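Work through these exercises with the sequence and the model side by side. Try each task before you read its solution.

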Amino acid sequence: MDRVLSSPAMASSMAFPLLLLLLSSAWCAYSEAEAEAVLTLDAGNFTEVVEAHDFIVVEFYAPWCGHCKQLAPEYEEAAAVLRALEHDPPIVLAKVDASADGNKGLAAEHRVQGYPTVRILRGRGASSQEYSGPRDAAGIVAYLKRQAGPASVELTASPPPEEPIGADGVVVVGVFPELSGGEFESFMAVAEKMRADYEFRHTTDAGVLPRGDRTARGPLVRLFKPFDELFVDSQDFDRDALEKFVEVSGFPTVVTFDTSPINQKYLLKYFENAGTKAMLFLSFSDDRAEAFRSQFYEAAKQYGASNISFLIGDVTASQGAFQYFGLKESDVPLIFILASKSKYIKPAVEPEQILPWLKEFTDGTLAPHVKSEPIPEVNDQPVKTVVADNLREVVFNSGKNVLLEFYAPWCGHCQKLGPILDEVAVSLQDDEDVVIAKMDGTANDIPSDFAVEGYPSMYLYTSGGSLLSYDGGRTAEEIIGFITKNKGSKPGEVTGSGGTVEEEAAATPEPVKDEL
């Protein structure tokens, strides 16, 4: 079922495709593709082309995807530049229309869950990693040149002052008495594994390191970064410990949500983290901005160990977050905490209120915030309107079979589904045990009972107490059939085919999500 993801993908997700022309032979397809800067691949020629290249980058796209359209000219320009460089090995860029029926198996094989997904394939397809670099042509070229080279580059001289190590992102430098031995091998293995997200360097001369320290003696690893304490050392060369050191030390104590490309990768990791999130939104031009930063950073140091991650965002750069979380710009400066099942908001916060308010949260004395539209005074349309404040009453406590759609006003798929649900409601209006309803998922908090990951999402809560996700077709007949088949069912009830109602409802495989 087509769906627009509701996850907070405003942090630049890397995750997808026109039916491609199948040529008369795979060799002919390969030769013609070679004439273009970006190779066009499909299920018929994918393996042959990949096996012909030591280093190839493949974009899995959808022709209707807005993010893909934005990436396309930059990707094409980067492909042309890289082809002209005659790099060894050649850096080849390709694309696959992952939405075409013939390529969906290929998309699944490469774990495509959103558009565009870009993957780097090495060793003629022997290894695969997700592309996590920039999306402008110059950035793509620079990132891929690094990726196509060695995992770690030897430092033999101090970098020029205008290009300091760690100024534009995390750089991990290994210092060794000699470039051999167990510690060096562990470092190089970790560099190979983590090269997609971090830059690695190695040297036998600590004197080439920036910010001094000719007295440093290896083996040691020094991680440079453009935030927090600027560099930190480790001498633990256990591979797991070294990976952990890079991941932890290479992540800001407080992530910054602004327009800087440097911060984009940290935003992605921040929102991918399943733990509790504390977010402070304000205008960075506010006279009190430094006071807010100081207090929030102190809060991160005090409560970061409590599985809380911290973010400070400029309101002008955070409109996507405001839209997704339903926050109001008029409440800025505000603190917003997103926990596993609840959220908390402190509008018009003052710098000195940050620490006491977070203490109330960690002590469990804060009341959660529930976002809800007003309960409608008149609700006489075929499809009933549900809001957060009456969801329990209308859905869970009604004793009826309620099909509930979660939608977003801006979602094109939802707009197409609207008249179909009207038709369903009119067709079933004489059945007093059935209710068709809808709820704006952007204006109301969705209870954790519903695993809503995209719009539209539909659930049937039966009079027998079963909660069934609907992932079938989007015709009135199919939806009516699903309701008729499952109404009145009880949790765990066995159907005629031998499965439970939940198992049968989930039997229809859910396809790849449309767009982040």
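## Exercise 1: An enclosed strand

Ile308, Phe310, Ile312 and Asp314 point one way from β14, while Ser309, Leu311 and Gly313 point the other way, and all are buried. This is a predicted model, in which local features need pLDDT of at least 70 and side-chain atom pairs count only at pLDDT 80 or more, while totals for chains, interfaces and linings use all residues. Residues are numbered from 1 along each chain as its sequence is written, and side-chain values use heavy atoms, with hydrogens and water left out.

**Task.** State how many residues of strand β14 are buried, and which strands β14 pairs with.

**Solution.**
- Step 1. Fix the terms. Helices (H or I, at least four residues) and strands (E, at least two) are DSSP runs, numbered from the N terminus. Buried means under 20% relative accessible area, exposed means over 50%, and partly exposed lies in between (1.4 Å probe, protein chains only).
- Step 2. Count. Strand β14 covers residues 308-314, and 7 of the 7 are buried, so the rest of the structure largely encloses it.
- Step 3. Look for partners. Two strands pair if DSSP finds at least two bridges between them. Strand β12 (residues 254-257) pairs with β14 in the parallel sense, over 4 bridges. Strand β13 (residues 276-282) also pairs with β14 in the parallel sense, over 7 bridges.
- Step 4. Name single bridges. Valine 254 has phenylalanine 310 of β14 as its bridge partner. Threonine 276 stands opposite isoleucine 308 in β14.

## Exercise 2: The sheet around β14

**Task.** Give the strand order of the open sheet that holds β14, then find its edges and the helices across it.

**Solution.**
- Step 1. Read the order. The 5 strands run β12-β14-β13-β15-β16, with mixed pairing.
- Step 2. Find the edges. These are β12 and β16 (343-346); each has a single partner strand, so one side of each has no neighbour in the sheet.
- Step 3. Take the twist. From one strand to the next, it averages 20°. Axes are lines fitted to C-alpha atoms, for helices over the stretch in contact, and angles run from 0 to 180 degrees between N-to-C directions.
- Step 4. Check the antiparallel pair. Strand β15 (residues 334-338) joins β16 through 4 bridges, and the two run antiparallel. Isoleucine 337 has tyrosine 344 of β16 as its bridge partner.
- Step 5. Add the helices. Contact means heavy atoms within 4.5 Å. Helix α8 (residues 264-272) lies across β12, β13 and β14, at about 115° to β12. Helix α9 (residues 289-303) lies across β12, β13 and β14, at about 170° to β14.

## Exercise 3: Another open sheet

**Task.** Describe the open sheet that runs from β2 to β6 and the helix α3 across it.

**Solution.**
- Step 1. Write the order. It is β2-β4-β3-β5-β6, 5 strands with mixed pairing.
- Step 2. Mark the edges. Strands β2 (38-41) and β6 (127-130) each pair on one side only.
- Step 3. Take the angle. Neighbouring strands of this sheet are turned by 30° against each other on average, direction ignored.
- Step 4. Inspect one pair. Strand β5 (residues 117-122) joins β6 through 4 bridges, running antiparallel. Isoleucine 120 stands opposite glutamine 129 in β6.
- Step 5. Place the helix. Helix α3 (residues 66-85) lies across β2, β3 (55-61), β4 (92-97) and β5, at about 165° to β3.
- Step 6. Visit glycine 66. This residue lies in helix α3. Glycine 66 is partly exposed, with a relative accessible area of 29%. Its C-alpha atom is 9.3 Å from that of proline 116, 50 residues away along the chain.

## Exercise 4: One serine

**Task.** Is serine 152 buried or exposed, and what does its side chain reach?

**Solution.**
- Step 1. Locate serine 152. Its place is in strand β7 (residues 152-154).
- Step 2. Read the area. Serine 152 is buried, at 4% relative accessible area.
- Step 3. Follow the side chain. It reaches the backbone nitrogen of arginine 201 at 3.4 Å.
- Step 4. List the contacts. Neighbours within four places in sequence aside, serine 152 touches Phe187, Met188, Ala191, Phe200, Arg201 and His202.

Definitions and conventions. A polar contact is a pair of N or O atoms within 3.5 Å; within protein, one must be able to donate a hydrogen and the other to accept it, and residues adjacent in sequence count only if both atoms are side-chain atoms.
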